[in-house]
Amino acid sequence: MARKIFISYKYGDTGVQHIPRYGEYDATTARHYVDVLQTKLDVADHINKGENDGEDMSKFKDETIESNLRNKIFDSSITIVLISKNMKDPYLAEDDQWIPWEIAYSMKEITRNGRTSGTNAMLAVVLPDENGNYSYVVNHYQCVTVWNVASLFKIIESNMFNRNQKNLIRCVTCGGIHHTGQDHSYIHPVKWCDFIINIDGYLNHVIGHQSNLDSFDIVKEITH
């Protein structure tokens, strides 16, 4: 089934693994990963509601960009956030950056002209860094996978591992308490290498959360 998908990402972040591109020698950016994903979505007849390649909105005023993005997000049912190493500007407040705003708007139920756009299903896809590593966000150990959610925007952190009735186990290896199962987060985290080979599987998984919103403590506002 075709889905309308909005992709949120830091356009010019070069802190990602290089993607060889015929005839292009510039540094790889997060935008190039959108291009790869767009090709996959086209094959499956999914519709990308984000900006098209070459659609540079930086020349518009902020209110024009915001209006444009509102329209695109309103007309989508899934938001994919591409997590890249330098997506956060440490010198700007989070409510002055586009990604938290796009996520917050995606999480809200908005009514316009008699039509309601519900809370989007959400995926956080972690891109590999320049060295092909994911360790800036996720690390795998013998008995547990640890997601460094505190390194992300607060609205992403708040909507991960936010199931209100958590499935927890005590590990016989380390004695720690670990989350178990695949329904621990409304914004479901996944590495790019896993996501790109099973796109529809992950999309279907998070779509299932939309009919089960009460199972999560969802934060819809940008927090500090």
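These are my notebook entries on two strands and one pocket of this structure.

Before starting, I noted that this is a predicted model, in which local features need pLDDT of at least 70 and side-chain atom pairs count only at pLDDT 80 or more, while totals for chains, interfaces and linings use all residues. I count residues from 1 along each chain as its sequence is written, and side-chain values use heavy atoms, with hydrogens and water left out.

Entry one, strand β1. I looked up β1, residues 4-8 (strands are DSSP runs of E, at least two residues, numbered from the N terminus), and found four of its five residues buried, so the strand is largely enclosed by the rest of the structure. Buried here means under 20% relative accessible area, with a 1.4 Å probe and protein chains only. I then saw that β1 pairs with strand β3, residues 78-83, in the parallel sense over four bridges, where pairing requires that DSSP finds at least two bridges between the strands. Within this pairing, Ser8 has Val81 of β3 as its bridge partner.

Entry two, strand β11. Here five of the five residues are buried, so β11 too is largely enclosed by the rest of the structure. In a regular strand the side chains alternate between the two faces of the sheet. In β11, Ile187, Pro189 and Lys191 lie on one side and His188 and Val190 on the other. I also noted that β11 pairs in the parallel sense with strand β6, residues 121-126, over five bridges, and that Leu123 stands opposite His188.

Entry three, the lining of the second largest pocket. β11 gives the largest share of this lining, four residues.

Methods: Buried means under 20% relative accessible area, exposed over 50%, partly exposed in between (1.4 Å probe, protein chains only).
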